[in-house]
Amino acid sequence: MKVIVCNNYDELSMEAAKIMAATIKEKPDGVLGLATGSTPIGMYDNLIEMYKNGELDFKDIKTFNLDEYYPLSADNDQSYHYFMNKQLFSGINVKEENIHILDGLSKDPEKECADFEKLIDEAGGIDIQVLGIGQNGHIGFNEPDDKLYANTHLTDLTENTIKANSRFFEKESDVPTKALTMGMGTILKAKKIIILANGKAKHKVVSELVQPMITTNNPATFLNAHADVTLICDKEAFEG
Ligand code: F6R
């Protein structure tokens, strides 16, 4: 795994945006795997800036998001649909039909997940996948467990994740207890992966991630089995 340690969040956001921009310029009809959460917001701001100054064009870009809460409607302001629209899509020229986010109200989640996998394959696979990392090592919503799922699936969120994500909701009991998420195999099939982490709260899981080992107790460590992963973190996440 390649590691880039940045002095601060702004630097991390610029490093991540530069790698995304390089992929988009190299393949203007490429496929981006995207994440929500607080960590990639600065990167998205930079990508919007690059689009506005004419450096980037998203007109033929396709996107697939990692996950969505379940059950939650797309227009709920806590949904990942809403987040992506606000933080990125409304600021760039990506076409609506090229945006793919799992339907948090799907009546048939199993079919929804299978269709999502098929759409990724039909698009030619993900060229670059952006990841954040949970304080417990989750990527997407693949939570630490004895076994991890390979494909996109419906999952229960752990107490730890519900607590961590409650900062975005009015109260903890409002956080959905389930989510639809890409599986470990879906993520690992991406041709290139960048994983972003900032702040002391991520130090423990980041220090496990940079060890040459794999454990289902920290799902992010499976990235050590991938040939093209870059960890972009700040000093606090790296050094503690
Ligand atoms: C978001 C996602 C999650 C987050 C993780 C870190 O789509 O899949 O795995 O990346 O929970 O969240 P933040 O960035 O808010 O610390």
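Trainee: What volume does the second largest pocket have?

Mentor: Keeping in mind that this is a predicted model, the second largest pocket comes out with a volume of about 220 Å³.

Trainee: And which residues line the second largest pocket?

Mentor: Its lining is made up of His-81, Asn-85, Phe-89, Val-94, Glu-96, Ile-99 and Ile-101. Sorted by character, the residues of that lining are four nonpolar, two polar and one charged.

Trainee: OK, what about the largest pocket, what's its volume?

Mentor: The largest pocket has a volume of about 640 Å³. It is lined by 36 residues, and the ones closest to its centre are Thr-36, Gly-37, Ser-38, Tyr-80 and Phe-168.

Trainee: Which elements give two or more residues to that lining?

Mentor: Those elements are the strand β4, covering 67-70, together with the helices α3, at 80-87, and α5, at 159-165.

Trainee: Which one gives the most to the lining of the largest pocket?

Mentor: That is α3, which contributes five residues to the lining.

Trainee: How do the lining residues of the largest pocket divide into nonpolar, polar and charged?

Mentor: For the largest pocket, the lining holds 16 nonpolar residues and 15 polar ones, with five charged residues besides.

Trainee: Let me stay with α3 for a moment. I clicked on Gln-87, so where does Gln-87 lie?

Mentor: Gln-87 is a residue of helix α3.

Trainee: Is Gln-87 buried or exposed?

Mentor: Gln-87 counts as buried, because its relative accessible area is 14% and the cut-off for buried is under 20%.

Trainee: What is Gln-87 in contact with, leaving aside its neighbours within four places in sequence?

Mentor: With those sequence neighbours set aside, the residues in contact with Gln-87 are Ile-41, Tyr-44 and Ile-48.

Trainee: Changing topic to β4, which came up with the largest pocket: what order do the strands of its sheet have?

Mentor: The strand β4 belongs to an open sheet of three strands, arranged in the order β4-β8-β7 with antiparallel pairing. The edge strands are β4 and β7, the latter spanning 153-156, and each of these pairs on one side only. From one strand to the next, the twist averages 30°.

Trainee: How many bridges join β4 to β8?

Mentor: There are four bridges between β4 and β8, where β8 takes in residues 178-181, and the two strands run antiparallel.

Trainee: Which residue in β8 is the bridge partner of Tyr-69?

Mentor: The partner of Tyr-69 in β8 is Ala-179, so you can look for that bridge when you turn the model to view the sheet.

Definitions and conventions
Residues are numbered from 1 along each chain as its sequence is written. This is a predicted model: local features need pLDDT of at least 70, side-chain atom pairs count only at pLDDT 80 or more; totals for chains, interfaces and linings use all residues. Side-chain values use heavy atoms; hydrogens and water are left out. On a 1 Å grid over the protein atoms alone, a cavity is a set of points where a 1.4 Å probe fits but cannot get out, and a pocket is an open set with protein on both sides within 12 Å along at least five of seven lines; lining residues have an atom within 4 Å of a point. Grid points are joined across faces, edges and corners, and a volume is the space filled by probe spheres set on the points. Ala, Val, Leu, Ile, Met, Phe, Trp, Tyr, Cys and Pro count as nonpolar, Asp, Glu, Lys and Arg as charged, and the others, Gly among them, as polar. Buried means under 20% relative accessible area, exposed over 50%, partly exposed in between (1.4 Å probe, protein chains only). Contact means heavy atoms within 4.5 Å. Two strands pair if DSSP finds at least two bridges between them. Axes are lines fitted to C-alpha atoms, for helices over the stretch in contact, and angles run from 0 to 180 degrees between N-to-C directions.
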